[in-house]
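Hi,

Here's the structure I said I'd pass along. Have a look at it first, and my notes are underneath.

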Amino acid sequence: MIKKATITALIMVGCLTASSAFSWGPLGHRAICDVAWRAGDTVTKAKLAASAKRMGYKTFATACLWADHVRNKKRYDYLKPLHYMNVSRKLVRISRNSCRDAHLKKPRCVLSAINYYENRWRDKTLSQRQRDEALLLMSHFVGDIHQPLHVSFRDDRGGTLRRVIFEGKVISLHRLWDSNLLRCKGDTSWRKLGQNLHHQLRGQKALELSPLIWAQESYEITQRLYQNIKRPLAKSYCSEFNGIAVERLAMAGLRLSAMLSKPR
């Protein structure tokens, strides 16, 4: 049993690191973009590789972490709220107005950010740097919107303030879904995970290419997660939810691939 003093100390550490909780973590985002890259044709792969190289990365999969790498740079502060969308617990269905930015020129949350940066990526009047950044942002945000806790509740900041005990450690529910849940069955290599997901998805088509539908899917999972959360999570939590998390990675990769292969 964990002593009360130990729990208190861990909670304090958790509070200090809550604001640094990213999305899916490096493993998840790289796996998603690796799936999308593997599914592309030769021309698409070459374009993605070229963009990654211009942005200073060796692979497209790693380049998809750029949106997290620049989070602490002041000039990119405007990107911070675009990784997620937090709504009222009373909301039943996500709508295009859920971001409350319909009348604005720029997005305010992940739902509208995806189409916004897709359009910028395709806009040939922009500079190459602007289009490369747009590609990496769009790709990253496609991953974000498939992480259930990135379409979640405003009152606990998408689960970053909700503490649970997982495998004997105090952790935020958000952090658990970002990283720990993906690793709890031993997955540590993004290349291996991406390859496995690619093989599983071979022949499948992305039937839904609407960020609104993706957001609703994540929101419904989030609602289920909150229905019966116990502070020390059940020992079966990993086996129960790891499959859902991995499935969300797979769907994100498949859908991103479809977006990347659309005529420009």
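Below is what I found, starting with one helix and then moving to the core.

Bear in mind that this is a predicted model. I spent most of my time on helix α3, which runs over residues 42-54. Its 13 residues reach 18 Å from the first C-alpha to the last, close to the 18 Å expected at 1.5 Å a residue.

Which residues of α3 are buried? They are T44, L48, S51 and A52. These four cover an arc of only 100° around the axis, so they sit on the same side of α3. That fits the usual helix geometry: with 3.6 residues a turn, residues three or four places apart point the same way. On the other side of α3, T42 and K53 are exposed.

As for what covers the buried residues of α3, the list includes α2 (25-39), α4 (60-63), α7 (128-145) and α11 (237-260).

The ends of α3 are worth a look too. At the N-terminal end, D41 acts as a cap, with a side-chain oxygen 3.3 Å from the backbone nitrogen of V43. Just after α3, G56 takes a positive phi of about 90°.

Now the core. The largest nonpolar core holds 80 residues, and M85, Y117, L176, W177 and Y237 have the most contacts inside it. Helix α11 gives the most to this core, with 14 residues. If you want one side chain to click on, try W177: leaving out residues up to four places away in sequence, W177 touches W24, Q147, P148, L149, L225, Y237, F241, I244 and A245.

Cheers

Note on methods
Residues numbered from 1 in each chain as written. Predicted model: local features only at pLDDT ≥ 70, side-chain atom pairs only at ≥ 80, totals over all residues. Heavy atoms only, no water. Helix = DSSP H or I, 4+ residues; strand = E, 2+ residues; numbered from the N terminus. Expected span 1.5 Å × (residues − 1). Buried < 20%, exposed > 50% of the residue type's maximum accessible area, 1.4 Å probe, protein only. Arc of directions from axis to C-beta. Contact = heavy atoms within 4.5 Å. Polar contact = N/O pair within 3.5 Å; in protein donor to acceptor, adjacent residues only side chain to side chain. Core = buried A, V, L, I, M, F, W, Y, C linked by side-chain atoms within 4.5 Å.
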